[in-house]
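Thanks for coming. I will keep this short and go through one structure, a few residues at a time.

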Amino acid sequence: FNSVIWSWGGHFVFIIAGFLLPRFIDHNVGQDALGVWDFSWSLVGYSGLVLLGVGSSVNRYVAMHLADNDIEGLNQSVSSVFCVQMIMGLIVLVLTLTAVWLIPIFWSVRIGPLVSDARWLVLFLGMSTSLSFAFGAFDGVLTGCHRWDLYNSINAGCHAVTVAVMLIALVLGFGIVSLGVLYFLEAVLRVLIRFFMVFRVCPVLRIGASHVRWPIALSMLRFGAKTYINEVSRTLLYQTNSILIVTFLGPAMLALYSRPMALIQHVRAFSTKLAHTITPIASEFETKGDRSELSGLVLQMSRYNVAIALPPILFLCILGGPLLLLWMGKGYRHDILVAILAA
């Protein structure tokens, strides 16, 4: 229960930031710039396909090894996935540079004078994602040790400070490229804080090349593939829609489309964060062979998830349009669009 509360509490910071930042971008830089911001995130969003679901397996294996007091297994699992994710981070960096090169070739007509801003944004956002992937094993160690309080405090605290500085930058007249720079600095700060906290939370952990075992890495990849299939479909659906909108309709239309999508994503995040807390607990039950507790956990959490997700979905179906009007203004209200996406 405490893990869920910390996850939801941390996400409230992202919800507040998600309401403030687009409004400030639209007001200070314009709807086209907001669309370019969304477009850049959509391009970078494809990098999630590189991760192959391995990140979702870390906290499971950490929880299992700690429950079994298997320190050697813990070190081998974390070191192996750390090595894999470093390689994935480098792949994302290469893909980012490729995307930066392709932007003026495919989207210069639609984006127009903002094409240079789009290239810089994709570069900084892509580098941030590359860094997060490369050191993503630290997240799994914290959550595998059930320290959701630390994990969410680091995420929410860093993001709150960054968004505050972003809003100040927009008010002072800086453009959207400055937001990409600040986001990259936030990624660096998060990695540094997690690096120091991981070894305090789990002092027996040792990460090194001598602990890397490729069979273990492959087994973790196989486990992650179960969530990866779902992530592929979601990524292709959401990001490809955004790319198509920019390609045929322009960035201003993407800004219009992305606002109700953001509301849907926030609702989904509450369900997802509840689900994520189950993984390490379920892994401990599995290690101990307690199948009845495991079955009860799944049933109970599924009921909670329905109860949590259904009311806000119904709210968006009925009152999503007025909410968009209140949030972004008259030019962003589209009752039918938000109702369809919510449904």
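I will talk about salt bridges, then cysteines, then two helix residues, and end on the surface.

One caution before the details: what you see is a predicted model.

Salt bridges, then. A search of the whole structure turns up five of them, and I will go through three.

The one I start with joins the side chains of R259 and D38, with an N to O distance of 2.9 Å. R259 sits in helix α10, residues 251-276, and D38 in helix α2, residues 31-45, so this pair ties together parts of the chain that are 221 residues apart in sequence. How accessible are the two partners, R259 and D38? R259 has a relative accessible area of 4%, so it is classed as buried. D38 comes out at 9%, and it too counts as buried.

Next is R194 with D139, where the side chains meet in a salt bridge at 2.8 Å, N to O. This pair also links distant parts of the chain: R194 belongs to helix α8, residues 176-201, while D139 belongs to helix α6, residues 137-144, and they are 55 residues apart. Both R194 and D139 are buried.

The third one I picked is formed by D335 and R333, again through their side chains, at 2.9 Å from N to O. Are these partners buried or partly exposed? D335 has a relative accessible area of 34%, which makes it partly exposed. R333, at 36%, is partly exposed as well.

On to the cysteines. How many disulfides does the structure hold? The count is zero. Take C83 as an example: it is in no disulfide, and the nearest cysteine sulfur, which belongs to C202, is 19 Å away. The cut-off for a disulfide is 2.5 Å between the sulfur atoms. As for their surroundings, C83 is partly exposed, with a relative accessible area of 23%, whereas C202 is buried at 2%.

C202 comes up again with the next residue, L74, which lies in helix α4, residues 71-111. L74 has a relative accessible area of 1%, so it counts as buried. What does L74 touch, once neighbours within four places in sequence are set aside? Its contacts are V62, H65 and L66, along with C202, V204 and L205. For a sense of spacing, take V201: its C-alpha atom is separated from that of L74 by 14 Å, with the two positions 127 residues apart along the chain.

The other helix residue I want to show is S128, in helix α5, residues 115-134. S128 is also buried, with a relative accessible area of 1%. Where does its side chain go? It reaches the backbone oxygen of F124, at 2.8 Å. Leaving out residues up to four places away in sequence, S128 touches Y183, F184 and A187.

Last, the surface. There is a nonpolar patch of about 580 Å², made by V306, L310, L314, F315, I318 and L319. One of these residues, L310, is found in helix α12, which covers residues 291-328. L310 has a relative accessible area of 47%, and that puts it in the partly exposed class.

To recap two points: the salt bridge of R259 and D38 ties together parts 221 residues apart in sequence, and the structure holds zero disulfides. That is what I have for today.

Notes:
Residues numbered from 1 in each chain as written. Predicted model: local features only at pLDDT ≥ 70, side-chain atom pairs only at ≥ 80, totals over all residues. Heavy atoms only, no water. Patch = residues over 30% accessible without salt bridge, like charges linked within 9 Å, V, L, I, M, F, W, Y side chains within 5 Å. Areas by Shrake-Rupley, 256 points an atom, 1.4 Å probe, with all protein chains shown as cover. Salt bridge = Lys/Arg side-chain N within 4 Å of Asp/Glu carboxyl O. Helix = DSSP H or I, 4+ residues; strand = E, 2+ residues; numbered from the N terminus. Buried < 20%, exposed > 50% of the residue type's maximum accessible area, 1.4 Å probe, protein only. Polar contact = N/O pair within 3.5 Å; in protein donor to acceptor, adjacent residues only side chain to side chain. Contact = heavy atoms within 4.5 Å.
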